[in-house]
Every structure is written in structure tokens, then in C-alpha cells.
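Work through the following exercises with the sequence and the structure open side by side. Try each task before reading its solution.

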Amino acid sequence: MSAQALRFLLDLAISPKRHIYFRTGQPVTTGAVHEAMARIAGWNQVLTGRALNQLAVVPGITIYGPADPGRRTSLVAFNLAGHNPLTLAAQLNDAGVEARGGCHCATLAHHALRLNPPASCRLSFYLYNTPSDVDIAVGAVAEIATSHRRRARVFA
């Protein structure tokens, strides 16, 4: 089954409108795998760069990891001041944005950053995401950040 999964991924990256490899007998070459992975990595960098640039202006946000999308994976871990990262992820999920909160198998990193709780919220992007998906996700983060600030002023 994993061979067909690879063939499917190659088709998504190289020729999404027609099958070259998936469910065919066409031999998979090393060159095709390299081309597909380069396209996926390039697209991930575009989406991650877009997210990083837009998130950078959200009030109260702290983004973890390199600012250069070429030096990171397509995951963007962050925290918002005054928000528990687990609650933030739940709020984003309620807004229709898939997000995860927790230590993301990086408990020691969260402790090294002296986070309390030792957790962050995370957005992930991949081949199937679009720039519009990034805009929607960042818009939801910004809405939560600014609505929290408005509430804080009203009740302070």
C-alpha cells in the first residue's frame, strides 16, 4: 500500500490533473521523487512564509522557530499573550481552522523556552493547502487576539 501512496503523492505534486504513477505500471524514478519533493517543499515554503509574515503583525503573538521559511518545516508554533495554547487551539478549531495545542512531542523545547504551561498552539500547512487557507487561519488568530484585547479593556 505504501508504494501506491507514494505514487499518489507524486501525481499530486507533479501532475494533479492526470495519473502518471498512481495505479499504473509506470516505473517511479529517483528523478520523479526528487522533483515531487522539491515542488512540495517549495509550496510549503510559500505557505509558511505567507503565514509567518501575516502572523508577525498579530498583537501579542510570539512565534517560535526561524523567521526564514526556508529554514523550517511548514509548522508554525506560536502563543498569544493572555491565552492558554490549548484553549486557543480549541477556539481556532471552533472557527473552522484546524489547529493543535500542546507540546507537539517537543516537551523539552517548551521547557527550555520557559513556557507556562509548557505548550504552544500550532498551525500546519501542506501540499493541499492554498494561500486562502493561510489567510483564513491567520484571520482567525487575529480575531481571537483582538477580541481578547477588546474584552480585557471592557472588563478591566
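Helices (H or I, at least four residues) and strands (E, at least two) are DSSP runs, numbered from the N terminus. The model is a predicted one, in which local features need pLDDT of at least 70 and side-chain atom pairs count only at pLDDT 80 or more, while totals for chains, interfaces and linings use all residues. Residues are numbered from 1 along each chain as its sequence is written, and side-chain values use heavy atoms, with hydrogens and water left out.

**Exercise 1. The inventory**

Task: State how many helices and strands the protein chain has, and in what order its elements run.

Solution: Going through the secondary structure of the protein chain, we arrive at five helices and four strands. Read from the N terminus on, these elements follow the order α-α-β-β-α-β-α-β-α. To place them in space, note that the C-alpha atoms fill a box of roughly 65 × 30 × 30 Å, taken along the principal axes.

**Exercise 2. The sheet and its helices**

Task: Work out the strand order of the sheet, and find which strands lie at its edges.

Solution: Begin with the pairing rule, by which two strands pair if DSSP finds at least two bridges between them. The four strands form an open sheet in the order S1-S2-S4-S3, and their pairing is antiparallel. The edge strands are S1 (61-64) and S3 (100-102), each of which pairs on one side only.

Next, look at one pair in detail: S3 and S4 (residues 120-124) are joined in the antiparallel sense over three bridges, and Gly 102 stands opposite Ser 120 in S4.

For the helices, we need contact, meaning heavy atoms within 4.5 Å, and axes, which are lines fitted to C-alpha atoms, for helices over the stretch in contact, with angles from 0 to 180 degrees between N-to-C directions. Helix H3 (residues 85-94) lies across S2, S3 and S4 and runs at about 170° to S3.

**Exercise 3. The first helix**

Task: Compare the span of H1 with its expected span, and list its buried residues.

Solution: The expected span of a helix is 1.5 Å times one less than its number of residues. Helix H1 (residues 2-14) has 13 residues and reaches 18 Å from its first C-alpha to its last, close to the 18 Å expected.

For the second part, buried means under 20% relative accessible area, exposed means over 50%, and partly exposed lies in between (1.4 Å probe, protein chains only). In H1, the residues that count as buried are Arg 7, Leu 10, Asp 11, Ala 13 and Ile 14, and what covers them includes H2.

**Exercise 4. The nonpolar core**

Task: Find which element supplies the largest share of the largest nonpolar core.

Solution: A nonpolar core is a set of buried Ala, Val, Leu, Ile, Met, Phe, Trp, Tyr and Cys residues joined through side-chain atoms within 4.5 Å. The largest one has 24 residues, of which Leu 55, Phe 78, Leu 80, Leu 92, Leu 123 and Val 141 touch the most other members. At least two residues of this core come from each of H2, S2, H3, S4 and helix H5 (131-155), and H5 gives the largest share, seven residues.

**Exercise 5. Two residues of H2**

Task: Decide whether Arg 39 and Asn 44 are buried, partly exposed or exposed.

Solution: Both residues have to be located before they are classified, and Arg 39 lies in helix H2, where Asn 44 is also found. Arg 39 has a relative accessible area of 42%, so this residue is partly exposed. Asn 44, in turn, has a relative accessible area of 12% and is therefore buried.

Finally, consider contacts, not counting residues up to four places away in sequence: Arg 39 touches Ala 13 and Ile 14, whereas Asn 44 touches Ser 74, Phe 125, Tyr 126 and Leu 127.

**Exercise 6. Aromatic pairs**

Task: Classify the ring pair formed by Phe 8 and Phe 22.

Solution: Rings of Phe, Tyr and Trp (its six-membered ring) pair if their centres lie within 6.5 Å, and planes under 30 degrees apart count as stacked, over 60 as edge-to-face and the rest as tilted. By this rule there are two aromatic pairs. The rings of Phe 8 and Phe 22 have centres 5.2 Å apart and planes at 65°, so this pair is edge-to-face. The pair links distant parts of the chain, with Phe 8 in helix H1 and Phe 22 in the loop between H1 and H2, 14 residues apart.
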